[in-house]
Every structure is written in structure tokens, then in C-alpha cells.
Amino acid sequence: MTEQAISFQGVTRRYPQKGGGDVVALHEIRLDVPQGAITGIIGRSGAGKSTLLRMVNGLERPSSGKVMVNGRDVGAASDASLRRIRREVGMIFQHFNLLASRTVAENIALPLEIAGEDRARIGPRVVELVERVGLTAQAGRYPAELSGGQKQRVGIARALATGPRVLLSDEATSALDPDTTRQVLALLQDINRDLGLTILLITHEMAVVRDICSHVAVIEAGRIVEAGETYAVFSKPAHPTTRSFLTGVTGVAVPQFIADRMRDAPQDSQAQAVVQVTFVGSHATDPMLARLTAERRVTVNILAGAIEEIGDKPFGSLIVALPAARLDESRRFLQEHGLLTEVLGHVG
Amino acid sequence: MSANLIPVLWQATLQTLYMVALSTLLGTLIGGPLGVFLATSRRGELLSAPWLNSVLGLIVNAARSTPFIILVVAIIPFTRLIAGTSIGTTAAIVPLTIAAAPFIARLIETAIREVDAGLIEAARAMGATPMQIVRKVLIPEAMPGIILGLTLAVVSLIGYSAMVGAVGGEGLGDLGIRYGYQRFMPEVMLAVVVILIVLVQLVQSAGEWIASRFDKRAPRNRGR
């Protein structure tokens, strides 16, 4: 049995509203976050992912249900024991939340000061952390003098200062450009590997999940709609939300001029069906569409497509048009060969 | 202006400085913690105590809406209790402090409320106690605003100190009225005004300089 670093056990969070009625932000969440893995919670804004993440260090408390972190019930912890738990759970933020009045080194020292660490031991520890995130040259600078990526590195070093076992990331790369995002993600991956740290991150960017998360949970309107190993979830997406995020990651979407003309049902015998074909694993490299044409004489028109890697495995998505009259036969052929198909609509 | 007026002016300047310095100090000792509390004690905040927050807010507002000259006269019995007399420069420090404290409290409250809520969240996530958050996050981060607020308070107190002549407070304002107005010596009035302008200017510049030393928010403040 893999040990669970964090376990949400039927967690519900209600916000009472003035004039009666509750807003339910989280609904009966059950989710296990495995020890030593990088787990991503992906969802749109307002889906409840931020509330869920803040339950882990008790910044939010569940209305009902339990949140277990390293075997302790966070929701039921007293103020004093909650403060101890928080020292074992680091957190980084979208807007970094660094103190403008403190230098890089002083910012990193803050959690150690708060934990009541000896002055004599803070210095060497900070030097080590600054080096870990590659900011030795900037140690004496103030946050205002740093780039976004450097600020997030300070955030990471600060979160690691007290030697936590869990790191929470609240949209840590959402304010960064793509290059910087990659660097910060690579740093998180290094830390996960080197320190065996469990990382739980929330994001609305599929690319973040694709690049570093071994496990993923998809959250929608306060419910986890799908969860599991990233590759498994995204190779057989069962929920529409998961599929729409997937379209986001491959960047494959129906071209606008076709989308404008698309209808639910074919209008005449010449109509074309627009189908999303998802390739997974070894199939991603098989020329299945070519075989569909060669063996079944179905003319396939590729409208958009891309092949990506998720969890080191190839993952492809194509949007194709084929004669609506041959649709059922073609889908059967592709599915028999392990491809996933979804009819998006018809043109003409 | 005759030469024997110079020591009189010098004496009055020292009295003003004495009154302003001491009332600023005492006003900050009372108003500082009060301001911090007001900034952190609404419902759901760090030191959440909404009821006490409202009561203190009311008292502060009441003190601030009383015209200073009325305050000076109204609290004469209290002044006598504290200072042993209701007349003189030292006695004048009592009403000045009572006017300064709520003013400073509001200024410090405003400065602290400017601190990004994300920093409080980050500190809570580190396991900080409310007092640690106040000491290590809120006050240091609000420092440039606090310094500018105190500068404003000192400038206002220089103005107020001119009114305490009404209860024998002496100082520059009193000198200006007694010599300049009552003895028809406009040159004394002019000298008093010039000294006050110079004082205010010095305080303002010093305050801004100190605030900029504390302000690390933008590189432009580091004189490059």
C-alpha cells in the first residue's frame, strides 16, 4: 500500500450566506494524495480548488469531513498544533507573497524566525536554501529588484525553510511567462525528486499537469469528477471537463471556420462528420488513419492535430472530417485498434 | 526687531519643540497599539474582536471630531489630575497627547490596512501566531506608511501647539499672539510664522527621507 500524504475524507465546505441558504464550495470530496508524488488539481476558476488546497494547512476548515495530513486531522487541530502542522507544510503562491521590506535572505529566514529557530542556525540554513534555488548572487537584494521567476524561487526556498514534508502550490506559475514557468516547474520536480517531498498543486493550466504531475484530480463545481494517474486519466477522459482541458493541452481545437458551420446532425448525404481521435500509448505512432483510408476506402481529412507527451508517454489528438455515411464503420475500426473517438458535430 | 527678542523667540521655539516631541512620543505609545488593534480586529481578522473594535472606533471618532480648542478647555480637570496643574507648557502636553493619540491610531490603522492580505496568509501558512504576524509582517511592511503618517501627525501637532497658549501653554503660537497681536509687534508675528514654516518644512523633509529609507518596494527609492 502506498502511503497517503494527504487524504480528503468526505470534505464539504459550505459558506453561509446572509439571508439564509448556503453556498457549497466543496461537495463530499474524497481524494488521496500519494506520498512523494506530484499531484495536480486542475479546475477552472471558482471550481473550488483553492479552497481545497487551503484545507491542507488549515487556512480553511471543512464544514464536515476530515482532512488528514501525515496522519493528523487538520480540521480538528487546536491552534497550537495547527501551527506545528503548518511548519511541516510549505506553501507557495501565485503572487509570491514576499515581504517587500526584507531581502531575499531575510524572506527565507522568516519561517525559521517564526518557528523560533536559533539565530546561529538560521544563517547557514538560509545560505543552503538560497543556493538550492540558484539565487546566491541575489541574496542581499529586495524582491522589487527581482524578476517574477526569481521571486517564485525565493517563495520556494522560503517554503522549504522549515523542512516540510508537503509542499502546496497555489497557481505558482500562473503569473509567469512560459519560459519561466518551465524553469520553476523543473525546480519543483528537482525538489520532489531530491527531497522526496510530496507536492500538491492547483492550476488551471493543463500544461503544468502534463509537465510534472504524476497524479491528477479534475475538479468541477466543488466536486472531483475524475482522479488518478495523469496518464490514465487523460488517455481515457470520462468527463467533459477533463476532455476540454485535454483539448487545451494539445492545443487541438476545431478550426473556427468549421466550428461556425457545425451542426449536431448531418443535413444531407454529402455531409462530413467532425471527429476527435485520441491516440494513446504505442498507438500514438501507428498510422491508423492511413490504414482506415487504405483498407476501408474512407477519405479522411485532417483538420487539426498534435502529438504531446504526458507522463513520458506519447499522446496524440487529431480532429478529422470523414463522410458522415461512413461514420459508424470508421469509428468501429478505430476503436478496435485502441483509439478513442468522439463525434464533435457535422458539417453540411 | 530688537536683539532682546531673539532669546524670547529661541525660548518659544524650544517650548514648541518640547511640547510637540513629547506629545508625539506619548501619542504614538497610545495610538500605535490602538491603531494596530483597529487594523486587525474586525470580524474574521487576525485579532478578531468586532465588538471592542466598534467601541474603540467610536471613542477615536469622538475624540477626533472634538475641536482642539474645546478639547483643551474641556479636559482641564483631567489635565490638572495628570500634570498637577492646568497651566503651562507641561500641562499643555496632556491635551496635545489626547488629540494626537486617536489621530495617530487612524494613520497607523490606514498604513497597516495597506499591507497585502496575501502576506498575512503566507505568514499564517508558516505557522505564525497573530502577534508574530503583527511584529514580523504588518509593522515592518507598513513602516514607510507609518513614518509618513507620523510626519503628518507632527506637522498637525505643531499647529495645535500654537493653540495651547489659551491655557498658558506658551511656545511659538502663544508668543505670536501675545507680542505680535496684543502688543502690536507685527515683526514678532512674522518671525514666529517664518520659524513655524521652517519647522514644518524640516519635519516633512526628514519624514519623507526616513520613509524612503524604509521603502524597498521600488528600486527608484534607492537613489540610483
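Which residues of chain B does UniProt list for "transmembrane region"? The unreviewed entry lists residues 17–39, 51–76, 82–105, 145–168 and 188–211 of chain B under that heading.

## Model and confidence

The structure described here is a predicted model. The predictor assigns the complex an ipTM of 0.87 and a pTM of 0.85. For chain B the average pLDDT is 91, and 96% of the residues score at least 70. Where pLDDT is low, predicted coordinates should not be read in detail.

## Annotated spans of chain B

Two of the spans that the UniProt record lists can be described from the coordinates. Residues 17–39 of chain B are 100% helix and 0% strand, and the C-alpha atoms at the two ends are 30 Å apart. Residues 82–105 of chain B are 79% helix and 0% strand, with 22 Å between the end C-alpha atoms.

## Overall architecture of chain A

Chain A contains twelve helices and 15 strands. Along the principal axes, its C-alpha atoms fill a box of roughly 80 × 50 × 40 Å. Of the 348 residues in chain A, 45% are buried. Among contacts in chain A with a separation of 6 or more, 69% are accounted for by residues 24 or more positions apart.

## A four-stranded sheet in chain A

Chain A has an open sheet of four strands in the order 2-1-4-5, with antiparallel pairing. Its edges are strand 2 (22–34) and strand 5 (72–73) of chain A, each of which pairs on one side only. Helix 1 (residues 49–56) of chain A lies across strand 1 (4–16), strand 2 and strand 4 of chain A, and runs at about 60° to strand 2 of chain A.

Strand 4 (residues 64–69) of chain A pairs with strand 5 of chain A in the antiparallel sense over two bridges. Within this pair, Val69(A) stands opposite Arg72(A). The loop between strand 4 and strand 5 of chain A includes Asn70(A).

## Two asparagines with positive phi

Most residues other than glycine have a negative phi. Asn70(A) has a positive phi, near 50°. Asn97(A), which is likewise not a glycine, has a positive phi of about 55°. Asn97(A) is located in the loop between strand 6 (89–93) and helix 3 (104–114) of chain A.

Are these residues buried or exposed? Asn70(A) counts as partly exposed because it has 18 C-beta neighbours inside 10 Å. Asn97(A) is buried, because 24 other C-beta atoms lie within 10 Å; the cut-off for a buried residue is 20 or more.

## The contact between the chains

The contact takes 20 residues from chain B and 21 residues from chain A. On the chain B side, helix 6 (117–125) and helix 7 (130–161) each supply at least two residues. By class, the side of chain B that touches chain A has ten nonpolar, four polar and six charged residues.

The buried residues of helix 6 of chain B are Leu119(B), Ile120(B), Ala122(B), Ala123(B), Arg124(B) and Ala125(B). These residues pack against helix 2 (79–87) and strand 6 of chain A, together with helix 7 of chain B. Just after helix 6 of chain B, Gly127(B) takes a positive phi of about 90°.

On the chain A side, Ile85(A), Arg86(A) and Arg87(A) are buried in helix 2 of chain A. The elements that cover these buried residues include strand 4, strand 5 and strand 6 of chain A, together with helix 6 of chain B. Strand 4 and strand 5 of chain A also belong to the open sheet described above.

## An exposed isoleucine in strand 13

Ile302(A) lies in strand 13 (residues 301–310) of chain A. Ile302(A) counts as exposed because it has 11 C-beta neighbours inside 10 Å, the cut-off for an exposed residue being 12 or fewer. Leaving aside residues up to four places away in sequence, Ile302(A) touches Leu318(A) and Val320(A). Thr241(A) is 61 residues from Ile302(A) in sequence, and their C-alpha atoms are 24 Å apart in space.

Note on methods. Residues are numbered from 1 along each chain as its sequence is written. Chains are lettered from A and ligands numbered from 1 in the order in which they are written. This is a predicted model: local features need pLDDT of at least 70, side-chain atom pairs count only at pLDDT 80 or more; totals for chains, interfaces and linings use all residues. Two residues are in contact if their C-beta atoms, placed from the backbone, lie within 7 Å. Ala, Val, Leu, Ile, Met, Phe, Trp, Tyr, Cys and Pro count as nonpolar, Asp, Glu, Lys and Arg as charged, and the others, Gly among them, as polar. UniProt positions are given in the numbering used here, feature names are shortened, and annotations may be inferred rather than shown by experiment. Two strands pair if DSSP finds at least two bridges between them. Axes are lines fitted to C-alpha atoms, for helices over the stretch in contact, and angles run from 0 to 180 degrees between N-to-C directions. pLDDT is the predictor's confidence in each residue, from 0 to 100.
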